[in-house]
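Work through the following exercises with the sequence and the model side by side. Each task is followed by a solution that goes step by step.

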Amino acid sequence: QVQLVDSGGGLVQAGGSLRLSCATSGRTVNRYSIAWFRQAPGKEREFVASDSRSSGMTSYADSVKGRFTIFRDSAKNTVYLQMNVTKPEDTAVYYCNAGGGPAGPGGYWGQGTQVTVTS
């Protein structure tokens with residue numbers, strides 16, 4: 001069974017950094033591509049970043065490219081999203097997702113972690 005637990009969200013000033021974690025069960029990180037999506041109030045959930053299991057390539061939304069980095073630690077079964085140079089528009093609930101990518105989400109979700117960037 002695939003289980004994802006998101007953590008690391010919080011309050012940060014614009015320009016600051018935050019690291020989100022997605023702890024996974026079993027060998028999820030070795031079996032699935034892992035992605036991060038986010039949903040801001042009143043908006044649809046959107047793709048943020050992904051790490052492809054098959055190609056090893058990472059993908060990013062244009063809005064976060066150059067500021068966010070997704071990476072995995074297979075030994076810890078954990079995928080991270082390093083958020084640098086944050087902006088108020090990054091405020092959202094961030095969700096880890098297994099099996100997803102730029103084309104859309106996979107079938108497994110974490111519970112979400114709130115990120116609030118203040119100006």
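Rings of Phe, Tyr and Trp (its six-membered ring) pair if their centres lie within 6.5 Å, and planes under 30 degrees apart count as stacked, over 60 as edge-to-face and the rest as tilted. By this rule the count comes to five aromatic pairs. The model is a predicted one, in which local features need pLDDT of at least 70 and side-chain atom pairs count only at pLDDT 80 or more, while totals for chains, interfaces and linings use all residues. Residues are numbered from 1 along each chain as its sequence is written, and side-chain values use heavy atoms, with hydrogens and water left out.

**Exercise 1. Describe the aromatic pair of Y32 and Y108, and place both residues in the chain.**

A pair of aromatic rings is described by the distance of the centres and the angle of the planes. For Y32 and Y108 the centres are 5.6 Å apart and the planes stand at 70°, which makes the pair edge-to-face. Next, locate the partners: Y32 belongs to the loop between α1 (28-31) and β4 (34-39), whereas Y108 is in strand β10, so that the pair links distant parts of the chain, 76 residues apart. Helices (H or I, at least four residues) and strands (E, at least two) are DSSP runs, numbered from the N terminus. Finally, consider exposure, where buried means under 20% relative accessible area, exposed over 50% and partly exposed in between (1.4 Å probe, protein chains only). Y32 is partly exposed at 25%, and Y108 is partly exposed at 34%.

**Exercise 2. Characterise the pair of Y95 and W109, then extend the description to the surrounding rings and charge.**

Y95 and W109 are edge-to-face, with 6.1 Å from centre to centre and 85° between the planes. Because Y95 lies in strand β9 and W109 in strand β10, the pair ties together parts that are 14 residues apart in sequence. Y95 is buried, with a relative accessible area of 14%, while W109 is partly exposed at 32%. Both belong to one aromatic cluster together with F37 and F47. The last step is the charge: the charged end of R45 sits over the ring of W109, 4.5 Å from its centre, where the criterion is that NZ of Lys or CZ of Arg is within 6 Å of the ring centre and within 35 degrees of the ring normal. The charged end of R19 sits over the ring of Y80, 5.8 Å from its centre.

**Exercise 3. Are G101 and P102 buried or exposed, and which residues do they touch?**

G101 lies in the loop between β9 (92-98) and β10 (108-109), and P102 has its place in the loop between β9 and β10 as well. G101 is buried, with a relative accessible area of 10%, whereas P102 is exposed at 56%. For contacts (heavy atoms within 4.5 Å), residues up to four places away in sequence are not counted, and G101 then touches A35, F37, F47 and S50. With neighbours within four places left aside, P102 is in contact with F47, S50 and S59.

**Exercise 4. What is the strand order of the open sheet of four strands, and which strands form its edges?**

The order is β1-β3-β8-β7, with antiparallel pairing, where two strands pair if DSSP finds at least two bridges between them. The edge strands, β1 (4-7) and β7 (68-73), each pair on one side only. β1 and β3 (residues 18-24) pair over four bridges in the antiparallel sense, and D6 stands opposite C22 in β3.
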